[in-house]
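Work through these exercises with the structure open. Try each task before reading its solution.

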Amino acid sequence: QILDEGLSRTHCRFFWEKDMPFVEDMGSRNGTSVNGDKVRRHPLQGGESGGLGTVDLEVHLPDATVSGKEPSEKDTHVLLVESPAPGAIGVKKRVALDQTLLFNAPPAAAPELKRLQRDLATVYKVVNLFGTENDLDRLFGLVMDTIMDVTGADRGTILLRPEDGASPRAVAVRARGRGPGRAAELPVSRTIVEEGLKGLSLITADAMLDERFKAGASIVMQNIHAAMCVPLESHDKVLGVIYVDTTGNHRHFAEADLDLLSVIGKQAGIAIQRASYLQETRDLFYATVLTLAAAIEAKDRYTKGHSERVTTFSVAIAESLGLSGEEVHTVRLSALLHDVGKIGVPEAVLNKQGKLTPEEYGAIQAHPHAGSLIVQNIPKIGKVLEGVRHHHEKWNGKGYPDHLAGEAIPRIARIIAVADAYDAMSSHRA
């Protein structure tokens, strides 16, 4: 048990699987990281550093070279996860303050001050959380979980308005006592939502008695007691709404709740707009990469669809190994581009029916190096380059272009090599 407000109640789990230790995030709010990268499920090695929210951890495994003896069967299933330097927890000193800077708050003000403190802490948390999440689906869930925590609502949803002006669609739904649900599981008051889409923040203490919503049959049918709806805004543009309600006689919402929800709506709107732009940029980049892969395959009638199949296999392998989302993204790009160097290989060589001459085979073997020269010109391409250059290296060191052997071959290249070989053997090709 780690007592830290940055951790979720059930944050992550450490476990053994097939004689290998793993860490798996349990849908935590602040995420779990290994060596600085956010992970969903990740294999662990001794000496790796991890993070649960703001808490740093180190992983220790039995080491025969340290203990002086071979680890026993029991030893191999020991996993120690601890916080480094546990004694260094803070600074102790006496602080002298000018008494004229202090005031005694009257007892009646205490509840308001507590609420203000809670609201400021919530806004600070929201800005930090929303500012670091770029995945839209995770961002929607993060927004909704935060709202349910601070408002005490029974149900809630985020509705986005499509660009074509169609009816808003639910992208995240929460209801107490149930896990994340789909749009159909939470009908909402259309009357209230329409007000929110006009840019108005709305609260009703008792929806049954509110004159504005007398026509809303859904309010009566769902036994809605109190409701709030605020616009999801980004730079004066209404993207959708955040809607929450209570059912039965659970509780009323106060005006301060509406103010806080409105602030969350503005911060969430900006974060969603930013994540949308990033997703559009990533989609455009993928489309460009696919176009480049298609141009290569147009030269070789036998390998049509090869790059996409290798990508499918490579991603499946990467996910089975428990790689992080960012690592899987890198594998996907690298697999799509792995044969880009073939653009410089003559078509007569690519499509030759018979056995290749040594000179022709040399031209084929040049494609990983040529591909790396092409890919290195793409800004921030990072480890994608490793998969493109080294996917024809071999475990025994007899591959090309650099004759790397064993674990000296980058893991991303090993994954693509397996997927590439499988597709070659299972396809009809020259």
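**Exercise 1.** Find how far apart the closest N and O atoms of Lys342 and Asp339 are, and classify the pair and its burial in this predicted model.

*Solution.* The closest N and O atoms of Lys342 and Asp339 are 3.5 Å apart. The cut-off is 4 Å. The pair therefore counts as a salt bridge. Next, burial, where the limit is under 20% relative accessible area. Lys342 has 12%, so Lys342 is buried. Asp339 has 6%, so Asp339 is buried. The structure holds eleven salt bridges.

**Exercise 2.** Arg41 forms a salt bridge with Glu17. Locate both partners in the chain and state their exposure.

*Solution.* Start with the distance: 2.7 Å between the closest N and O atoms of Arg41 and Glu17. Arg41 lies in strand 5 and Glu17 in strand 1, 24 residues apart, so the pair links distant parts of the chain. Arg41 has 14% relative accessibility and therefore counts as buried. Glu17, at 33%, counts as partly exposed.

**Exercise 3.** Describe how helix 7 (residues 306-320) packs on helix 13 (residues 411-426).

*Solution.* Take the geometry first. The angle is about 130 degrees, and the axes are 8 Å apart. That angle makes helix 7 oblique to helix 13. The crossing of helix 7 past helix 13 is right-handed. Now list contacts. Helix 7 contributes residues including Val310, Phe313 and Ile317; helix 13 contributes residues including Ile415, Val418 and Tyr422. By class, this contact of helix 7 with helix 13 has nine nonpolar, two polar and three charged residues.

Notes: Residues are numbered from 1 along each chain as its sequence is written. This is a predicted model: local features need pLDDT of at least 70, side-chain atom pairs count only at pLDDT 80 or more; totals for chains, interfaces and linings use all residues. Side-chain values use heavy atoms; hydrogens and water are left out. Axes are lines fitted to C-alpha atoms, for helices over the stretch in contact, and angles run from 0 to 180 degrees between N-to-C directions. Helices (H or I, at least four residues) and strands (E, at least two) are DSSP runs, numbered from the N terminus. Angles under 35 degrees count as roughly parallel, over 145 as roughly antiparallel, 65 to 115 as roughly perpendicular and the rest as oblique. A crossing is left-handed if the near helix is turned anticlockwise from the far one by less than a right angle, and right-handed if clockwise. Contact means heavy atoms within 4.5 Å. Ala, Val, Leu, Ile, Met, Phe, Trp, Tyr, Cys and Pro count as nonpolar, Asp, Glu, Lys and Arg as charged, and the others, Gly among them, as polar. A salt bridge is a side-chain nitrogen of Lys or Arg within 4 Å of a carboxyl oxygen of Asp or Glu. Buried means under 20% relative accessible area, exposed over 50%, partly exposed in between (1.4 Å probe, protein chains only).
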